[in-house]
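Dear colleague,

I am passing on the structure below, together with some notes on what was found in it. Please keep it open beside this email while you read.

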Amino acid sequence: MASGFFALLDDIAALMDDVVVMSKISTKKTAGILGDDLAVNAEKATGFVASRELPVLWAITKGSALNKLIILPVAFLLSAFVPISVTVALVLGGFYLAYEGAEKIYEYFFHKSHIDAHRVYTKNPLTKEEQEIAEKKKIKSAIFTDFILSVEIVIIALGTVMGRDILFQILVVSIVCIVATVGVYGIVALIVRMDDFGYRLVKLGKEKGALNHIGNFLIRALPIVIKSLAVIGTIALILVAGGIFVHHIEFIHHLVETVSLPSIVIEFIVGLLVGILAVVLVNGFKYILKAIKGKTKN
């Protein structure tokens, strides 16, 4: 009886070891999307008065947790009964990620004059009512973006454990989702408060003291950090998309097999090319719709 109990404990320990290892692998696979999630939410949570940044971030965090609670059961059911749908969803998500990455590059080069709302807030202070409306819009937008990214995180994590039993899949993907939510929003909280921490150090320190220099460094570093995260997130989106296409679309996999370039370069090129094609198609479709509407009005 005792030996059977200890054998069960050994099996549980072995399972948990395997779960931890696969969770690490899955987290690495989703790192690109986590980077973009981090950049997006750091941007969404800034631009408000200091007292409102953390409440806005907390509202987005709760929305993110709810998103994952909705997505996880659906993903597990599909994995159990229609496993091919996971691969299909993964590839479709890859197209979205490639499009989003290429669109960001397109926006940067061709629509550079656009100013984000959070930059406007600091120059033109809003009334309390306007600020509440702006907060709700930002929170809603951030939660919607998080939903799309959460779908990809779950699908990519699920893709790494396909073929394993359902309990193993649930444990691994759930751990990845917890890490994604707590890790991303915890780091975002630190980033958005970086300048406030800098201001406090400046007040505490002497004019030419070490605290003063550190405080000024943190204040100046915040916009650079957010911009850097946006660039890193864009590159990561394209890389993740390219990796999905190379590993899950047989035609592309065989096409790049003979190319003598590092895999990361191949994945980036594939992701960028597909993204550019997606941007052209979407913009073309928008242009056609606009032309049809113009004719209808006339």
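At what angle do helix α4 and helix α9 pack, and how far apart are their axes? Before the reply, please note that this is a predicted model, in which local features need pLDDT of at least 70 and side-chain atom pairs count only at pLDDT 80 or more, while totals for chains, interfaces and linings use all residues. Residues are numbered from 1 along each chain as its sequence is written, and side-chain values use heavy atoms, with hydrogens and water left out.

Helix α4 (residues 84-110) and helix α9 (residues 210-248) pack at an angle of about 145°, and their axes are 8 Å apart. Helices here are DSSP runs of H or I with at least four residues, numbered from the N terminus, and the axes are lines fitted to C-alpha atoms over the stretch in contact, with angles running from 0 to 180 degrees between N-to-C directions. The residues in contact (heavy atoms within 4.5 Å) include Leu90, Gly94 and Leu97 of α4, and Leu237, Ala241 and Phe245 of α9.

Helix α4 can also be checked for length, where the expected span is 1.5 Å times one less than the number of residues. Its 27 residues should span 39 Å, and its end C-alpha atoms are indeed 39 Å apart, so the two values agree. Among the buried residues of α4 (buried means under 20% relative accessible area, with a 1.4 Å probe and protein chains only) are Leu90, Gly94 and Leu97.

The next finding is a salt bridge, defined as a side-chain nitrogen of Lys or Arg within 4 Å of a carboxyl oxygen of Asp or Glu. By this rule the count is one, and the pair is Lys68 with Asp146, whose closest N and O atoms are 3.9 Å apart. Lys68 sits in helix α3 (residues 50-81) and Asp146 in helix α6 (residues 128-159), so that the pair, 78 residues apart, links distant parts of the chain. Both Lys68 and Asp146 are buried.

Lys68 also appears among the neighbours of Thr181, which touches Thr61, Ser64, Lys68 and Gly186 when residues up to four places away in sequence are not counted. Thr181 lies in helix α7 and counts as buried because its relative accessibility is 11%.

Val172 is found in helix α7 (residues 166-192) as well, and Val172 is buried, with a relative accessible area of 0%. The C-alpha atoms of Val172 and Leu158 are separated by 8.1 Å, although these residues are 14 residues apart along the chain.

With best wishes

Note on methods: Helix = DSSP H or I, 4+ residues; strand = E, 2+ residues; numbered from the N terminus. Buried < 20%, exposed > 50% of the residue type's maximum accessible area, 1.4 Å probe, protein only.
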